[in-house]
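Reader: Please take me through the ligand sites in this model, one residue at a time where you can. I would like one connected answer.

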Amino acid sequence: MKATVVGLQWGDEGKGKVVTYLSRDYDCVVRYSGGSNAGHTVDYGDFKIVHHLLPSADLKRQRMMYIGPGVVVDLDVLLQEIEQIDQYLPYARRLLRISKQAHVVVPFYKQLDEALDKARLSAIGTTRRGIGLSYANRALRCGLRFQDLENPQRAKDLLQELARIWKISIDCEEILNEMLTKYDLVRDLMIDSIEAVKVLRDKNLLFEGTQGVLLDVDVGTYPYVTSTNCSSTGVQAGFSWPVKVDQIYGVMKAYTTRVGEGPFPTELKGEEQEKLRKLGGEYGATTGRPRRCGWLDLVLLRYAIESSGCSSLIMTKADVLTAYEKVPVCVAYKINGRTLGEINNLSNIDEIEPVYELFDGWKSLHSPEFERFVARIEKELEIKFSYISTGPRVDEIIKI
Ligand code: GDP
Ligand code: IMO
Ligand code: MG
């Protein structure tokens with residue numbers, strides 16, 4: 001059994017919580033995309049963990065964790081996270097493997113990330129985690145992989161090459177020594193991608209998406225996206241094997257949030273936005289930035305479901321909306337005098353006017369009002385829910 005969990009919006013849909021819950025039925029949780037730009041908060045009730053790099057496998061159940069070659073790894077974040085989970089699951093590291101072919105985020109990428117964003121026509125508002133630089137250097141074929149750290153002279157030559165290409169002056173010797181000291185602490189976790197595939201391919205695997213379909217480099221709101229195929233399409237390359245998944249779970253928040261710049265048709269303004277942000281606790285887990293907040297957008301969800309091949313929906317944070325008498329939902333867009341329920345292109349979504357329908361609010365997720373809301377969303381999106389998350393804790397979820 002193989003399944004993928006992707007976010008259907010602009011990230012922060014609650015993928016981490018959902019993956020942790022679902023991981024009970026799988027042998028291993030695999031990260032295939034992104035890097036420490038991701039922030040997946042998992043609330044176990046007695047403790048909370050924020051995963052940036054480590055797969056959100058259930059720490060109470062000894063599941064395996066694999067960071068595939070499609071992930072870019074910041075050694076500092078990796079070490080901090082291993083230390084963090086060790087407190088809750090002693091020797092958790094024995095369950096973790098990392099692809100030797102994964103690229104390493106060289107520390108100066110983070111400064112360049114910031115400089116690059118400032119030099120743009122219009123800033124993206126990246127997480128400043130060096131993610132774009134890591135994937136750019138991978139594509140330029142001048143990136144540094146874990147396997148390069150096995151050969152310090154080669155790693156030093158590569159760092160010098162990077163300094164020449166980016167025209168920066170860095171102390172390659174010092175950077176290398178620091179990286180090697182950290183690498184030594186995780187060397188035992190490294191595995192060739194193909195060896196990992198041989199071990200894992202016949203097991204039950206849960207592929208944990210990062211970000212969301214609308215931040216995918218190909219189908220998202222380019223250029224306001226991240227640098228990977230964080231949608232379901234990234235699984236094969238990010239795992240290095242033509243894996244066939246049986247189920248693609250799409251996680252959607254009952255409203256919409258976005259961190260960073262870019263179009264957001266249903267974004268709320270002023271106090272209305274602040275109210276939803278406070279109710280939902282919408283502050284970035286990675287950067288602490290306030291998340292932009294707005295209403296659910298069915299037009300974008302239809303697009304995200306279509307482009308990700310999503311086969312089953314999971315709703316989160318509907319409990320946050322119990323404060324509202326009426327819940328607005330965008331059911332269509334008005335563009336140039338025409339009303340459209342579906343779009344094939346995201347390039348002009350900042351010029352559209354959302355058409356809202358007001359749904360009766362719900363006081364509980366067991367009320368007829370909420371049942372009607374769920375049924376209507378299923379009808380509109382032509383796809384069924386498999387789970388509804390009823391609160392932040394891992395066990396606050398109901399199977400439909
Ligand atoms: P991810 O990046 O998709 O994993 O999402 P984040 O972890 O960045 O943000 C989701 C936040 O909502 C986290 O703090 C979760 O603990 C929390 N959360 C997840 N599901 C629910 C839910 O159903 N209700 C509420 N109130 N909070 C939830
Ligand atoms: P999770 O996995 C929300 C956004 C950034 C920025 C854009 C590009 O927690 O859902 P990058 O640093 O990737 O070059 O930034 O993407 N972004 C996210 N927004 N959740 C995330 O991850 C994100 N990862 C990146 O805010 O707009
Ligand atoms: Mg997040």
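Which N or O atom of Thr127 pairs with an oxygen atom of ligand 2, one in the side chain or one in the backbone, and at what distance? Please start there and then cover what surrounds both ligands.

Author: The model is a predicted one. In Thr127 the atom belongs to the side chain. This N or O atom is 2.5 Å from an oxygen atom of ligand 2. The protein buries 97% of the 550 Å² that ligand 2 exposes when taken alone.

Two further polar contacts reach ligand 2. Lys15 uses its side chain: a polar atom there lies 2.7 Å from a ligand 2 oxygen. Gly39 uses its backbone, with a polar atom 2.9 Å from an oxygen of ligand 2.

Now the wider shell of ligand 2. It holds 20 residues. The nearest are Lys15, His40, Thr127, Gln211 and Thr226. Sorted by class, eleven of the shell residues are polar, six are nonpolar and three are charged. The space that ligand 2 takes up is the largest pocket.

Turn to ligand 1. Its space is the second largest pocket. Around ligand 1 there are 18 residues. Lys15, Gly39, Thr41, Asp319 and Ser389 are the closest of them. Lys15 is thus on the closest list for ligand 1 and among the nearest residues to ligand 2.

Backbone atoms make several contacts here. Thr41 places a backbone N or O atom 2.7 Å from an oxygen atom of ligand 1. For Gly39, the distance from a backbone N or O atom to a ligand 1 oxygen is 2.8 Å. Gly16 also has a backbone N or O atom 2.8 Å from an oxygen of ligand 1. On its own, ligand 1 has 590 Å² of accessible area, and the protein covers 91% of it. Gly39 also serves ligand 2, through the polar backbone atom already described.

What is the make-up of the ligand 1 shell by class? Nine residues are polar, seven are charged and two are nonpolar. Helix H1 (15-22) and strand E3 (40-43) each supply at least two residues of this shell. H1 gives the most, with three.

Why does ligand 1 lie between two domains? Domain 1 (2-99 + 189-249) gives residues to the shell, and so does domain 3 (253-399), so ligand 1 lies between them.

Two backbone details remain. Most peptide bonds are trans, and most residues other than glycine have a negative phi. The bond from Tyr222 to Pro223 is cis, with omega near 5°. Pro223 sits in the loop between strand E10 (205-208) and helix H8 (235-239). Arg128 is not a glycine, yet its phi is positive, near 60°. The loop that holds Arg128 runs between helix H3 (108-119) and helix H4 (131-139).

Note on methods
Residues are numbered from 1 along each chain as its sequence is written. Chains are lettered from A and ligands numbered from 1 in the order in which they are written. This is a predicted model: local features need pLDDT of at least 70, side-chain atom pairs count only at pLDDT 80 or more; totals for chains, interfaces and linings use all residues. Side-chain values use heavy atoms; hydrogens and water are left out. A residue is near a molecule or strand if one of its heavy atoms lies within 4 Å of it. A polar contact is a pair of N or O atoms within 3.5 Å; within protein, one must be able to donate a hydrogen and the other to accept it, and residues adjacent in sequence count only if both atoms are side-chain atoms. Accessible areas come from the Shrake-Rupley method with a 1.4 Å probe; for residues, only the protein chains shown count as cover. On a 1 Å grid over the protein atoms alone, a cavity is a set of points where a 1.4 Å probe fits but cannot get out, and a pocket is an open set with protein on both sides within 12 Å along at least five of seven lines; lining residues have an atom within 4 Å of a point. A molecule sits in a cavity or pocket if more than half of its atoms lie within 2 Å of its grid points. Helices (H or I, at least four residues) and strands (E, at least two) are DSSP runs, numbered from the N terminus. Ala, Val, Leu, Ile, Met, Phe, Trp, Tyr, Cys and Pro count as nonpolar, Asp, Glu, Lys and Arg as charged, and the others, Gly among them, as polar. Domain bounds come from an automatic or database domain assignment.
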